[in-house]
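The exercises below are meant to be worked with the sequence and the coordinates open side by side. Each task is followed by a solution that proceeds step by step.

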Amino acid sequence: MLNFLARRLVQIVPTLFFVSVLIFSLQQLLPGDPALVMAGEERDPAVIEQIRRQYRLDQPVPVQYAYWIKGVLSGDFGESLRNKMPVRELIAQKLPVTLQLGSMAILIALLIGIPAGIVAAVKKGSAWDYGANLFALWGISTPNFWLGIMLIFLFSIELGWLPASGYVPLTENWRASLAVTIMPAFVLGNAIAAILMRHTRSAMLQVLESDYVRTARAKGLLERTVILKHAMRNALTPVITLGALELGTLLSGAVLTEQIFSIPGFGKLIVDAVFNRDYAVVQGVVLVTATVYITLNLVADIAYILVNPRLRG
Amino acid sequence: MKMFRLAATAAAVLVSIGAAQAQTTLRIGLAEDPDILDPTMARTYVGRIVFSSFCDKLFDIDEKLNIVPQLALSSETADDGKALVIKLRPGVKFHDGEPFDAEAAKFSLERHLTFPGSFRKPELASVDHVEIVDPLTVKLVLKSPFSPLLAQLTDRAGMMMSPKAAKEAGDKFGLRPVCAGPYKFVERVQQDRIVFEKFADYWNKDNVFIDKIVFQPIVDATVRLANLKSGGLDLIERVLATDLKEVRADSRLKVATAIELGYQGITLNIGKDKAKGPLSQSAKVRQALDLAIDREAINQVVFNGEFQVGNQWVNPNHPYYQKSLPIRPRNVEKAKALLKEAGVTPPVSVDFLVPKGAETETPAQVIQSMAAEAGFDMKIRLTEFATGLKQAETGDYQAYMLAWSGRVDPDGNTFVFLHNGAPQNYGGWNNPQADKALEEARLVTDPAKRKASYEVLAKLVQEEEPLLYLYHRRIIIAHTTKLEGYRQMPDGLVRVVGLKLK
């Protein structure tokens with residue numbers, strides 16, 4: 001186990017290095033000029049020249065990279081071209097928001113997806129199964145932005161129960177925080193629940209037909225025990241990985257939902273930064289996202305081992 | 001159930017009484033997250049909206065675009081036009097308690113002029129240096145007469161900053177700005193909110209009635225409106241013209257509008273077109289394109305008739321609009337004849353660069369179908385804004401759909417776009433007569449004489465067609481009926497002095 005962990009941790013370093021080079025070089029391929037975008041409506045050539053010098057945009061790309069990576073290694077991610085905020089501070093502001101939203105979404109997805117998947121598998125061919133499938137189809141095919149706006153119309157404008165958008169930190173007022181994040185978390189969780197449900201269902205079906213389940217049943221165990229204790233544990237291993245990966249995707253992939261509910265998270269930060277050609281922010285955020293993603297992957301692998309003793313070598 | 005309702009109503013009443021006695025907060029929904037809140041470095045329209053709550057200027061404008069004093073008391077231009085003497089308002093304090101005087105005014109203007117990366121430098125380029133006449137009078141000595149200068153001082157170039165705070169913060173001043181406006185900065189969370197509170201020592205504090213202001217960027221127009229309707233916001237900017245009907249129908253909402261100072265137009269590439277298409281080679285072809293467009297139809301079809309059509313850099317109600325050059329009505333036959341005269345065979349293919357966005361894409365499509373009838377094949381190329389900008393700079397287009405937010409002085413709507421070699425003359429138009437008219441309009445202060453110069457320019461533009469001016473958008477602000485006293489100015493800014501929240 002320790003051996004495995006150490007091996008995985010060592011692998012992270014070159015991966016991150018590769019990611020950093022990739023982000024840096026790819027964004028240079030973006031058409032458009034950061035200094036020009038930054039200048040907005042005030043496009044005086046002398047001022048634009050000054051910006052290029054100030055942010056070393058006039059230097060060759062490898063030199064720019066060297067400056068950046070040197071800063072990153074000492075914990076300095078540079079500052080935003082657009083508003084002069086240190087990128088580290090921006091990340092510290094946004095990461096908790098995204099993590100909260102992502103965790104809530106995954107929680108909702110697990111609470112809906114796994115039970116629905118199990119029920120659908122156990123009652124295969126019944127009305128339950130069709131109902132769950134219908135729900136999954138709906139969840140996967142409903143666009144986030146549509147569902148989001150519909151929820152706002154219903155719960156904020158018609159009923160007036162929940163605030164339409166915005167964000168309140170958990171630490172400031174947990175009730176208000178949950179009230180503003182529940183709709184976006186549901187929108188995100190709903191789609192993932194559908195995916196989880198489909199996977200749980202097929203994994204369960206496979207397991208339920210395996211020999212050891214038949215044996216368990218032959219032993220005369222209660223059906224509940226067979227399903228919850230024997231079958232589910234095995235069926236859930238692939239679902240765990242899937243859940244962790246989906247959480248990783250939520251880090252920067254919740255853009256549309258964040259946009260609609262005006263949640264100041266990672267997704268919105270990175271999209272705005274790309275459109276503004278705010279390179280330092282893009283680099284910092286992508287690097288952090290990659291790190292978190294890799295970490296989640298690692299956690300998923302560990303969880304995998306914990307639920308599946310055969311992998312503990 | 002009845003009991004529960006009763007209790008709920010009682011609770012609601014109690015809460016609302018509590019709120020009435022507590023602080024009043026004005027929550028404003030913005031269409032974008034502003035850039036840095038440093039008057040010297042700022043460059044976005046949305047940023048200007050926020051500045052007007054906390055950063056007073058030497059001068060301001062009124063509804064009729066007259067320049068009125070704000071932190072200044074009066075001004076006087078020297079007879080030769082080469083100096084501007086400004087008397088300052090006494091007893092004004094910055095948010096940090098520092099006094100506003102000639103020293104501070106000189107410091108602020110010099111910071112705008114010399115700070116590395118200052119975007120105000122070009123706006124104040126005519127200023128040679130600033131002198132202190134007495135503790136409440138400054139004199140701006142100019143390199144040459146520059147009549148738009150006073151108008152520049154009604155915007156960010158006229159914003160005054162606390163010298164002490166600005167010196168300490170350097171280029172980080174925008175993270176905690178200290179000015180002399182009605183509200184002072186409390187905190188900002190990027191892309192989430194910017195919070196201000198009432199400044200107790202404001203020079204005009206008797207007209208400030210609301211305790212706190214919170215700006216929230218909400219990009220999606222539908223969601224912004226939803227927040228206003230659900231009571232999450234009190235005022236929103238940039239309501240879509242197509243949503244106006246709905247807003248007007250809602251008895252809890254009010255609309256305030258004004259026609260913008262800017263315009264929406266199509267820049268035609270004359271001097272930089274590498275392909276040397278017919279549009280760049282012949283004014284007749286450009287005129288034909290102009291005649292193919294029915295401006296009012298675009299307004300009706302796309303904007304429910306809420307915008308104002310136009311053909312010049314200022315809207316038809318502006319004092320500088322040239323009434324002698326009205327909009328030419330659509331005339332497809334004449335357009336075809338012009339193409340024939342120019343010796344080109346239709347269809348004339350045009351590379352039409354259009355920035356992505358609902359307010360540009362749909363009108364572009366309408367223009368495309370109108371132009372097709374006259375013999376143009378407008379190939380719309382939808383491009384993300386930053387990419388399009390770069391292509392416009394390098395001349396990689398034949399027609400470019402571009403909006404300008406507008407400035408108080410007509411110089412700000414013309415010079416940088418039409419003067420040869422100016423930074424935003426994307427079409428590379430080069431006409432010495434036009435350059436002369438633009439320069440003359442800067443030198444004289446008499447409005448009648450300036451208008452005459454601009455008439456020369458307008459005529460040239462109508463003949464040569466470097467830029468097809470199409471329409472002027474309506475600035476649409478919606479707010480709840482709880483907010484009283486709101487009036488919309490044509491610059492689009494949200495002025496908070498005098499507002500009351502019931």
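**Exercise 1.** How many residues does the largest nonpolar core have, and which residues have the most contacts inside it?

*Solution.* Keep in mind throughout that the model is a predicted one. Begin with the total: the largest nonpolar core has 155 residues, and those with the most contacts inside it are A:Ala105, A:Val285, B:Met160 and B:Cys179. Next, ask where its members come from; the largest share of this core, 16 residues, is supplied by α5(A). Then take one of the residues named above and look at its surroundings: once neighbours within four places in sequence are set aside, A:Val285 is in contact with A:Ile91, A:Phe266, A:Leu269, A:Ile270 and A:Ala273. As general background, nonpolar side chains tend to be buried together in soluble globular proteins.

**Exercise 2.** Determine how many residues each chain gives to the contact between chain A and chain B, and describe the side that belongs to chain A.

*Solution.* Counting residues on either side, one finds 42 from chain A and 38 from chain B. On the chain A side, the elements that each supply at least two residues are α2 (34–39), α3 (45–54), α5 (87–122), α7 (144–158), α11 (255–260) and α12 (266–275). Sorting that side by class gives 20 nonpolar, 12 polar and 10 charged residues.

**Exercise 3.** Establish the strand order of the open sheet of 7 strands in chain B, and explain what is particular to its edges.

*Solution.* Reading across the sheet, the order is β8-β9-β10-β1-β11-β19-β12, and the pairing is mixed. The edges are held by β8 (183–189) and β12 (253–259) of chain B; each has a single partner strand, so one side of each is left without a neighbour in the sheet. One pairing can be followed in detail: β9 (residues 193–198) and β10 (residues 212–217) of chain B pair in the antiparallel sense over 4 bridges, and B:Glu197 has B:Lys212 as its bridge partner in β10(B). Finally, helix α2 (residues 45–54) of chain B packs on the sheet, where it touches β1 (25–30), β8, β9 and β10 of chain B, its direction making about 135 degrees with that of β8(B).

**Exercise 4.** Explain why helix α6 (residues 221–230) of chain B can be called largely enclosed, and find what covers its buried residues.

*Solution.* Of the 10 residues of α6(B), 8 are buried, so the helix is largely enclosed by the rest of the structure. Among the buried residues are B:Arg224, B:Asn227 and B:Lys229, alongside B:Val223, B:Leu225 and B:Leu228. The cover draws on both chains, since it includes α7 and α11 of chain A together with β1, β11 (235–236), β12 and β19 (474–480) of chain B. Just after the helix, B:Gly231 takes a positive phi of about 90 degrees.

**Exercise 5.** Decide which side chains of strand β7 (residues 137–142) of chain B are buried, and identify the partners of this strand.

*Solution.* Separate the two faces: B:Val138, B:Leu140 and B:Leu142 point to one and are buried, whereas B:Thr137, B:Lys139 and B:Val141 point to the other and are not. Then turn to the pairing, where β5 (residues 83–88) of chain B runs antiparallel to β7(B) and is joined to it by 5 bridges, with B:Leu84 opposite its bridge partner B:Leu140. Strand β6 (residues 127–134) of chain B also pairs with β7(B) in the antiparallel sense, over 6 bridges; here B:Ile132 has B:Val138 as its bridge partner, and a hairpin joins β6(B) to β7(B) through 2 residues.

Key:
Residues numbered from 1 in each chain as written. Chains lettered and ligands numbered in written order. Predicted model: local features only at pLDDT ≥ 70, side-chain atom pairs only at ≥ 80, totals over all residues. Contact = placed C-beta atoms within 7 Å. Nonpolar A, V, L, I, M, F, W, Y, C, P; charged D, E, K, R; others polar. Core = buried A, V, L, I, M, F, W, Y, C linked by C-beta atoms within 7 Å. Buried ≥ 20, exposed ≤ 12 C-beta atoms within 10 Å, placed from the backbone. Pairing = 2+ DSSP bridges. Axes fitted to C-alpha atoms, helices over the stretch in contact; angles between N-to-C directions.
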